[in-house]
Amino acid sequence: SLLTMRASSQQSMLDTFFASVCDGELVRGVSDRAFAKAREQLHMPALTWLNDWVIEQADAAGFVPR
């Protein structure tokens with residue numbers, strides 16, 4: 001997932017993500033430039049909420065060691 005591949009290049013992360021949702025088939029679903037451009041259009045309060053929600057879900061599932 002995009003959450004766990006911090007050391008990879010952004011294009012590598014995107015390619016891996018799209019392969020995971022496309023039954024392992026290597027699909028160049030989006031370029032890193034297109035991803036960055038789309039990310040610029042996102043509403044910051046929504047991203048803050050989404051980040052908090054993902055962290056809560058990961059914590060509840062035991063993915064965050066304490």
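**View 1. Trp53 and its stacked partner in helix α3**

In this predicted model, Trp53 is partly exposed, with a relative accessible area of 39%. That value puts Trp53 in the middle class because it lies between the 20% cut-off for buried and the 50% cut-off for exposed. The structure holds one aromatic pair, and Trp53 forms it together with Trp49. The two rings are stacked, 6.3 Å centre to centre, with 15° between the planes. They count as stacked because planes under 30 degrees apart fall into that class. Trp49 itself is exposed, at 55% relative accessibility.

Why can these two side chains meet? Trp49 and Trp53 are four residues apart in helix α3, which means about one helical turn separates them. An α-helix has 3.6 residues a turn, so residues three or four places apart point the same way.

**View 2. Helix α3 from end to end**

Helix α3 covers residues 44–60. Try checking its length yourself: at 1.5 Å a residue, the 17 residues of α3 should span 24 Å. The end C-alpha atoms of α3 are 24 Å apart, so the model agrees with the expected value. Following α3 comes Gly62, and its phi is positive, near 85°.

**View 3. Asp59 in helix α3**

Look along helix α3 for Asp59. Is Asp59 buried, exposed or partly exposed? Its relative accessible area is 32%, so Asp59 counts as partly exposed. Setting aside residues up to four places away in sequence, Asp59 touches Val64 and Arg66.

**View 4. Where helices α1 and α2 cross**

Two packed helices are described by the angle between their axes and the distance between the axes. Here, the axes of α1 (residues 10–21) and α2 come within 9 Å and cross at roughly 90°. The two helices are therefore roughly perpendicular to each other. Which residues make the contact? From α1 come Gln10, Gln11 and Leu14, while α2 supplies Asp32, Phe35 and Arg39.

**View 5. Phe35 in helix α2**

Phe35, one of the contact residues just named, lies in helix α2, which runs through residues 32–40. At 28% relative accessibility, Phe35 counts as partly exposed. Leaving out neighbours within four places in sequence, Phe35 is in contact with Gln10, Leu14 and Val30. Leu14 is a nice partner to pick out: Phe35 and Leu14 are 21 residues apart along the chain, and their C-alpha atoms are separated by 8.6 Å.

**View 6. The buried residues of helix α1**

Which residues of α1 are buried? They are Gln11, Met13, Leu14, Asp15 and Ala19. Helix α2 is included in what covers them. With its 12 residues, α1 reaches 17 Å from its first C-alpha to its last, close to the 16 Å expected at 1.5 Å a residue. After α1 comes Asp23, with a positive phi near 55°.

**View 7. Stepping back to the whole protein**

Finally, zoom out and count: the protein has three helices and zero strands. Read along the sequence, the pattern is α-α-α. Of its 66 residues, 11% count as buried. The accessible surface of the protein comes to about 5,500 Å², and 59% of that belongs to carbon and sulfur atoms.

Key: Residues numbered from 1 in each chain as written. Predicted model: local features only at pLDDT ≥ 70, side-chain atom pairs only at ≥ 80, totals over all residues. Heavy atoms only, no water. Buried < 20%, exposed > 50% of the residue type's maximum accessible area, 1.4 Å probe, protein only. Areas by Shrake-Rupley, 256 points an atom, 1.4 Å probe, with all protein chains shown as cover. Contact = heavy atoms within 4.5 Å. Phe/Tyr/Trp six-rings, centres within 6.5 Å; stacked < 30°, edge-to-face > 60°. Expected span 1.5 Å × (residues − 1). Axes fitted to C-alpha atoms, helices over the stretch in contact; angles between N-to-C directions. Parallel < 35°, antiparallel > 145°, perpendicular 65-115°, else oblique.
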